[in-house]
Structures are given as C-alpha cells and as structure tokens.
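Trainee: Could you take me through one part of this model closely? I would like to look at where two chains meet.

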Amino acid sequence: MNELKHRAEEVVRLAKSGGASAADVMIREQDTFSVTVRMGEVETLKEAISRSLLLRVFVGKRTATSNTSDLSESTITSLVSETIGMAKLTSEDQSGGLPDPLLFENNFPNLDLVDEGWEAITPEQRIDFAKRAEATALSADKSIVNSDGGSFDYARSKTVLANTLGFMGAYEGTASSLSVSPIAQAADGMQRDFWFAVARHRSDLPSPEDIGRKAAQRTMRRLGARKVATCEVPIIFDPYTARSFMGDVFSAVAGDAIYRRSSYLVDQLGQTVASPAVTIVDDARLLRGLGSSPFDDEGISTHATSIIENGVLRNYLHSTYSARKLNAKPTGNGQRFSSGSVVIGPTNFCLKPGQVSPEDIIASTKTGLYVIELIGSGVNHVSGDYSRGAVGIWIENGKLAYPVHEITIAGNLREMLKDVETIGNDLTFFGSIAAPTVKIRKMVVSGE
Amino acid sequence: MDGLRVRTDAGRKMENKSIFFEKYNITNRDLEAYLSEALSRGGDYADLFFEYRVNYMIALEEQIIKTATKGVNMGVGIRVISGEKTGYAYSDDLNRENILKAARTAAFIANNSAQGGKIGLDPSVSQEQRLYSIRDFATDIEIAQKISLLFEADRTARAHDPRIKHVQASYADETKHVLLAASDGRSVWDVQPLVRLNVSCIAEENGQRQPGYSGGGGRRSLDVFQGDLDPRTIAARSAAQAILQLGAVDAPAGPMEVVLGPGWPGILLHEAIGHGLEADFNRKKTSAFAGLVGQKVASELCTVVDDGTLPFRRGSLNMDDEGNPTHKTVLIEKGVLQGYLQDRLSSGLMKAPLTGNGRRQSYTHIPMPRMTNTFMMAGESVPADIIKTVKKGLYAANFGGGQVDITSGKFVFSTSEAYLIEDGEITSAVKGATLIGDGPTVLRRVTMVGNDLQLDQGVGICGKEGQMVPVGVGLPTIKIQEITVGGTEK
C-alpha cells in the first residue's frame with residue numbers, strides 16, 4: 001500500500017510541476033482469482049494482478065482525465081503532460097474543480113471490508129466451492145440434465161487517492177462471489193436459471209450446497225412455462241428483480257440526471273413521489289457493505305443520505321460537480337469510470353424492508369405475477385416509461401400456480417413508485433443496490 | 001479497396017513493424033520462450049495475446065467541452081488449453097519476468113508431466129490488411145479537429161427545434177495494436193482503428209421530457225463522418241427522435257403484426273438467433289438451437305450471414321483475437337440452419353472449421369465465439385408495399401438495446417422509434433416498448449423481406465459474460481406475422 005501511496009503522491013507532484021492548478025490521482029490494484037467449472041470439471045482458471053491509474057487535472061476551470069495500466073515512469077510522465085495539454089483545449093466550466101477541503105477527513109472508520117481469512121483458502125479449495133455448488137444443483141432432480149457451469153471469484157483490491165489539496169487516503173477490500181447456473185429439460189424445451197451470492201467475508205457467504213440447492217429449485221420451477229393473456233394485474237418483484245427496479249430509481253436521483261433534466265424525478269425535492277411505504281437510503285458506511293468505502297473517489301468523507309423517506313423525495317445524490325451545478329452539498333457519491341472521469345454511483349442504495357414475509361405478500365394476491373427475472377433495457381429514464389421482458393410465476397388465489405415466460409410488463413416508473421403496496425421483510429444484498437420483495441398495485445402484462 | 005495491402009509472403013519485410021517488436025523490443029525468441037513456459041506442464045495449445053491500446057474521448061454538454069480523456073492500456077494475456085480446460089493469466093506490463101510468471105500461472109491448468117516440446121514460431125507477419133487503412137489513425141489527429149465535430153453536432157441539434165433543451169455529444173476513438181503468437185507456430189499482428197460519435201438530446205414541452213439518440217462510426221479515421229454520418233446528420237436524427245417522442249401515444253400491448261425498418265433493427269437477428277448460434281453454447285448443448293443444423297428454423301425468405309470482412313465496418317476485423325482471418329459465414333440459408341460461429345476451442349472439440357469468430361474485450365479476457373456484423377440478405381419486396389399489407393400493426397424504425405436467454409430462446413429488443421400502422425398507413429408515433437419473442441420460431445413468421453438491406457451506422461456494443469466487443473447488425477425491411485409488443489394500451 002505504501003508503494004501505491006508513494007506513486008500517487010509522485011504523480012500529483014508531477015501534475016503540479018507540469019502546470020496543473022489542481023489534480024487528483026487514483027490507483028487501484030486488484031489481485032483476482034476466478035474459476036469456472038462445468039459438469040464437474042474445471043473449465044477455466046484465471047489469476048492475475050492488475051493495476052490502473054486514473055488521473056484528473058484542472059488548469060484553471062478547465063479539466064481533462066486519463067487512465068493507464070502502464071505504471072512505468074516514462075508512460076506516466078508523458079501522460080501527465082499530455083493530460084494537462086488536453087485540459088487546456090477544453091472549455092472553462094465554472095462548476096469544475098476539486099472538492100471543498102472541509103469535506104475531507106483524516107481519520108477513517110474501519111468498515112470491516114477485509115477478511116484476512118481468505119488468504120488461507122487454497123486454490124484447490126476455491127475450485128471446490130464452485131464444484132460443490134454445481135454438483136448439488138446437478139443432483140437435485142433428474143430434470144436437471146445440464147449446466148451452464150458454476151463459478152467462484154475472489155478479489156482483493158487496494159484503492160489509493162491523493163490530490164493537490166493534500167488529501168491522501170487508502171483502503172482495501174476483499175470480495176467473493178459464488179454462482180451456479182443449472183439447466184433443466186422438459187418435453188417442451190430447456191430452462192436455465194441461476195443463483196449466486198456475494199460477500200466480503202467468508203462467513204457471510206452461504207455454503208456452496210445452499211447456493212446449488214437454491215439454483216436447482218429456481219430452475220425446476222421454470223419448467224413448463226407458458227404465456228398468459230394480456231391483462232392488468234398486481235406485480236410482485238422478488239428481491240433480485242426488485243433490485244433492478246431500485247436501479248431505475250437510482251438513475252433518476254443521480255445529480256447528473258437532475259442537472260441534465262433527464263430524469264422523471266426532476267424538480268420534485270420535498271414532494272411525495274412514492275407510496276408512504278417507500279424509504280430509500282444510500283449508506284456508504286454499512287459495515288461489510290459491498291458498496292461501502294470510507295471516502296468517495298474524490299476523497300469526500302462518506303455518510304448516509306436519505307433519498308426517499310415515507311414516500312417523500314429528500315435528496316438527490318451528488319458528486320462535487322453535480323452539487324455545484326445545483327447548489328447542493330456533495331453526498332460522497334463521486335465514482336470514477338475506468339476512463340478516469342467522475343460520475344455518480346450508488347454506495348449501498350437500499351429500499352428499507354417492511355414487516356411482511358414474501359409468502360404473505362403472495363398470499364394476499366388473488367391474481368398476479370411474481371417476477372423472477374427481467375430482461376432487456378426497455379426503461380426510458382427521462383420519461384419513466386417502462387416496458388421489459390419478464391419471467392415469472394403466475395399467482396392464482398394467493399398461490400404460486402405455474403411459470404410464465406415470453407411476456408412483458410409495462411407501466412411508468414412514476415406510477416410504479418406511487419403504486420408500491422407492500423414491502424417484504426427479506427432485504428437481500430447482491431451488490432451495491434439492494435431491495436426486499438416489492439408488490440406493485442398494477443401493471444400491464446402483455447402476452448398472448 | 002483502398003486499404004493498405006500486404007501480401008503474406010511479404011511477411012519478412014513487415015516483421016519489425018509491429019509496435020511490440022519496434023517499440024518494446026520483443027523478439028521471436030522471447031515469444032518462443034514464453035510459449036514454452038506456458039506449456040511447461042503439458043497442455044495441447046498455448047497462445048500469447050499482446051495488446052497496446054490508445055484511446056481518446058471528448059464530451060460536450062451545455063454547449064461547452066466539459067472534458068477530454070486519454071487512455072493508454074497494454075498488456076499480454078496468456079492462455080493454455082488442455083482438453084476442454086483453459087488456464088489464463090495476464091500481465092499489465094511487458095516485463096520479461098512478469099510475462100514468464102503469468103505463463104507459469106496459466107500453465108497451472110495442465111498437469112501432464114509430458115513437455116510440449118520446443119516451440120518454433122514462423123516469423124511474425126502482419127495479417128493481410130484488407131479492411132481498414134493503417135495510414136491515418138484518428139488517435140494521431142489533433143484534438144481541436146475532433147472538438148469541432150462536437151460543436152457542429154451541438155449547433156445542429158439545438159437549431160433543429162426550440163424544444164431541444166439539452167444536448168450531449170461525445171466523440172471516442174481508439175487504435176489497438178494486437179499481436180498473437182501461438183504454439184502451433186503462428187505469429188500474426190494487426191492494427192485496428194475505431195471511431196464513434198454519439199449525440200443525445202432531451203426535448204421538453206409542457207413539463208413532458210423525452211430523449212433522442214443517434215450515433216455513427218466505424219473502423220476508419222475522421223473521414224467516416226460525412227454523408228449519412230456527418231455530425232450534422234447524426235445530430236438532426238437525434239433531435240428529431242426526441243421531438244417525435246414528445247407527441248407519442250401509448251404503445252399497444254399484445255401480439256400483432258410488426259414491420260421492422262432497415263438497418264439497426266437487425267438487432268433482432270443478433271438477439272433472436274446470433275447468440276444462440278455461438279458455438280460454445282451449442283457444444284455444451286445449452287442453446288435452444290443445439291442440434292438443429294440442417295433443419296428449417298426460418299421462412300424460406302431468410303438468409304442470414306455473419307460477415308467480419310466488410311471494409312471499415314465496426315464489427316469487422318482482419319483477424320479475430322485468436323489470430324485467425326475473419327470470414328463471411330452463412331448461418332441460415334433460405335430458412336435452413338447451416339452452422340455455428342466458432343472459436344478455436346469449440347471448433348477443435350466439435351471438429352468444425354474455424355470461422356474467425358474468437359474475440360475478447362482485451363488482453364485480460366479469455367476469447368470466446370462472438371458475432372462480427374450479422375445481417376439478413378435483401379429480398380424482393382418493395383418496402384412501401386410491405387407497409388400497405390398491414391391492417392393493424394406496428395412499424396419499428398429504431399431500437400435501443402436487446403437481450404436473449406439462449407437456453408429458453410426467449411429474446412427482447414426495445415423500440416426507440418415506432419409507429420402504429422393502420423389500414424396500410426403509418427400513423428401515430430408510439431412510446432418505447434419492448435418486443436418479446438422466441439428465437440427458434442420468430443424467423444419462421446417472417447412473411448415479407450424488403451429489397452432495401454441496410455447495415456447499421458456503427459455504434460453497436462455486444463456484451464457476453466461481462467465482455468464487451470464492438471459489433472454490427474443489418475436488416476432489410478421485414479414483416480413478422482406475429483410478435484408480442486409490450487406496451488400499456490390493451
């Protein structure tokens with residue numbers, strides 16, 4: 001870590017002496033291990049350590065960025081001077097610049113992002129996780145005849161950030177994921193589903209057998225899927241598909257979408273935008289959180305931000321830039337693209353769970369659709385119009401009756417938020433956006 | 001053809017022209033040593049994929065150039081194949097020790113004591129330069145010229161209509177040097193240019209807002225931005241789409257007759273059949289198309305090809321990322337399935353010929369079968385006549401993205417510009433809607449094929465297992481007897 005810090009400081013110095021009025025530099029190092037197995041045999045095995053350096057310079061109110069995997073002195077030296085040269089060719093932008101130094105902290109909390117225990121797990125054991133998950137799925141039922149494989153991924157990453165205002169910060173994190181994707185066969189064709197889990201700590205990762213069993217159940221329940229007639233019914237998103245719904249909410253509250261006026265939630269701070277059941281918080285300081293970090297990619301000390309509270313829109317999420325554009329405070333959501341430029345990203349963006357179990361939510365629904373997979377990109381984030389391919393289980397008289405596919409669900413996100421009827425008690429994390437089961441009063445299902 | 005041509009037998013002369021030999025002083029001997037190390041534990045095959053990529057991006061918004069970005073990325077990926085197993089490792093620099101270490105890591109997959117034997121490489125040759133000029137790279141052109149393209153686009157979009165309130169335009173280019181050396185003795189290299197211009201607009205009226213988007217590019221230099229890809233033309237298309245959407249009515253819901261316009265709607269082929277015909281899924285029998293070669297999967301009007309050899313196209317390559325020349329591969333001929341898109345691993349295991357479709361996002365990724373430019377050959381119908389035959393249906397002129405579940409065969413693609421057809425006439429514009437269908441059956445329902453084949457404008461990005469690669473699609477106007485349209489208007 002000290003070597004990376006030293007490199008980052010060096011690059012900042014180089015930028016300053018080369019004529020930049022301000023600059024910040026981020027270095028990421030990732031040590032990754034990845035294995036895929038299929039039908040009990042290793043299919044691919046991949047290991048590497050990779051580095052990337054992301055530089056942003058300001059020359060007055062002008063800016064440019066650069067990125068490289070080549071940390072050699074000669075490449076960096078020429079890249080720094082070229083980036084400064086490029087900045088001079090861009091336009092003056094009054095909202096540009098590094099964050100206010102008052103937003104930096106020197107003491108960072110321990111967010112428990114590293115599990116040192118991973119170091120003791122041998123490659124053979126890691127391969128075995130994937131094999132066990134797949135083997136459990138394959139042996140779950142005779143309908144499961146094939147597999148798209150199982151995989152285990154592990155990464156340990158180091159992040160260092162330094163800038164010309166004297167900020168220097170570093171943190172590490174470990175992350176693992178285990179997944180399996182079985183294939184079941186019936187007379188009318190094949191069905192594939194999957195299950196996976198992600199965790200920073202070994203003890204938070206479910207056993208390979210649990211994941212294999214769940215994947216098998218999810219796959220078998222899709223066999224015999226049919227279409228349904230076009231109709232308007234209540235929709236229940238399971239936690240996996242509800243997460244995608246929350247992703248659509250995130251896109252609408254990101255500060256850049258607000259100043260561009262490309263969001264269906266523009267101009268609505270303080271207004272009721274969702275049902276009173278909806279409370280959403282973005283919290284970067286969740287212990288062991290998959291999206292947690294002590295400071296954002298601009299060095300701003302992170303904190304929790306209330307987005308929607310009992311249906312009322314409280315805050316948008318900001319980088320330094322979007323905050324200046326809208327006279328708001330940065331929320332610590334500046335994240336760097338691999339290109340080096342700063343965008344706005346979620347940390348741990350969560351829909352607060354309710355009191356009701358998913359079983360009770362299903363039981364409360366006379367006729368409806370329980371959605372288990374969404375495909376395609378049919379979301380208009382500007383108008384909120386929503387139309388996506390779906391796979392689900394049809395609900396009849398409060399019971400999961402039969403699987404359905406080759407259908408779409410459609411509506412408008414503005415109305416979907418207001419139509420949230422019930423929220424489950426089963427908040428599940430698959431990444432930095434998380435949700436429990438969500439029931440929406442009605443949407444149009446298009447089928448036969 | 002105005003590409004620089006190099007005959008393969010002139011290879012010796014070209015030997016020291018690749019950046020890896022010239023700038024990084026790599027020799028054939030080094031390559032042989034790395035390959036030997038990769039096969040030190042046995043294995044059937046090994047290859048080295050060297051990549052050096054320079055790219056620029058420039059972004060305009062609110063009538064100013066907000067930022068410019070340069071990227072310099074390089075490294076080498078090392079692959080060892082043993083039976084159906086692949087070992088992979090990479091290094092972010094070209095330091096000899098680090099490459100040897102990566103070779104040993106990749107070698108870990110094989111566990112035979114048998115040695116691969118001494119590797120003898122033929123002298124490195126440039127892959128025959130058929131498809132793109134290597135004399136004039138966009139990445140060498142001064143930034144001011146690129147910036148002026150963006151200002152031109154911005155002015156045009158704004159002038160198009162006062163309801164256009166926000167314009168974002170971005171320019172991106174790259175030059176990718178690649179070198180592939182393999183234990184079968186091949187050593188080939190290529191230099192691959194790529195440029196792109198995107199314009200997105202927001203139109204606003206009475207509190208209603210709608211987006212518009214258009215773009216274009218290809219494997220050439222700034223000279224691509226003329227005619228149909230002139231920045232002003234791209235900007236006007238983007239603005240027109242946003243304005244059109246302001247007046248759009250709710251899209252219909254349910255199955256109906258759909259006419260797809262020419263060009264980018266070819267995304268239908270990419271999702272409905274293209275992915276399902278990638279050899280890895282068929283070798284593993286996880287595709288809904290597995291075992292259907294020789295069978296009728298489409299109406300006789302349909303002939304579908306994947307062609308990586310079209311000059312200057314975004315999806316084209318002189319060689320794939322396994323060093324094999326790209327091909328024109330007929331996937332469906334007059335409705336009958338002909339074969340799959342192969343990479344080295346699947347073609348070896350399936351004993352099928354290579355098709356030059358082994359591609360990867362970068363040196364950090366393992367190659368797999370991917371599409372290049374996928375399109376349907378033109379038919380005989382006049383497009384206007386096709387519309388006239390529809391009593392009540394949808395005309396889809398443009399699309400956003402799509403996705404497919406290759407196992408069940410279900411696929412979607414979402415309209416970004418569509419209209420109702422009523423009594424043979426195109427009438428109101430409708431809001432965006434997702435169309436959903438079944439890959440192995442949708443092309444059986446193609447009842448008319450137009451004589452107006454068009455390829456897309458060069459902005460496609462295809463994702464598979466987390467790897468993104470540039471691709472092209474194309475389509476003549478076609479009529480599909482029935483497909484489910486996912487609107488809200490029952």
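How many residues of chain A are in contact with chain B, and how many residues of chain B do they touch?

Mentor: First, the ground rules. This is a predicted model, in which local features need pLDDT of at least 70, side-chain atom pairs count only at pLDDT 80 or more, and totals for chains, interfaces and linings use all residues. Residues are numbered from 1 along each chain as its sequence is written, while chains are lettered from A and ligands numbered from 1 in the order in which they are written.

Now your question. On chain A, 64 residues are in contact with 67 residues of chain B. Contact means that the C-beta atoms, placed from the backbone, lie within 7 Å.

Which elements of chain A take part? Those giving at least two residues each include strand 2 (41–59), strand 3 (62–68), helix 2 (73–89) and strand 4 (144–163). Strands 6, 16, 17 and 21 of chain A are also among them. Helices (H or I, at least four residues) and strands (E, at least two) are DSSP runs, numbered from the N terminus. Strand 2 of chain A gives the most, with 10 residues.

Next, the make-up of this side of chain A. It divides into 14 nonpolar, 33 polar and 17 charged residues. Ala, Val, Leu, Ile, Met, Phe, Trp, Tyr, Cys and Pro count as nonpolar; Asp, Glu, Lys and Arg count as charged; the others, Gly among them, are polar.

Look at strand 3 of chain A again. It runs parallel to strand 2 (residues 64–82) of chain B, and 4 bridges join them. Two strands pair if DSSP finds at least two bridges between them. Find T65(A): it stands opposite T69(B).

Strand 2 of chain A also faces inward, to another part of its own chain. Chain A is divided into domain 1 (2–220) and domain 2 (225–448); such bounds come from an automatic or database domain assignment. The C-alpha centres of the two domains lie 23 Å apart. Their contact takes 31 residues from domain 1 and 26 residues from domain 2 of chain A. On the domain 1 side, strands 1, 2, 3, 4 and 5 of chain A each supply at least two residues. The largest share, 4 residues, comes from strand 2 of chain A. This domain 1 side holds 15 nonpolar, 10 polar and 6 charged residues.

So keep strand 2 of chain A in view: it gives the most to the side touching chain B, and the largest share of the domain 1 side touching domain 2.

Notes
Contact = placed C-beta atoms within 7 Å.
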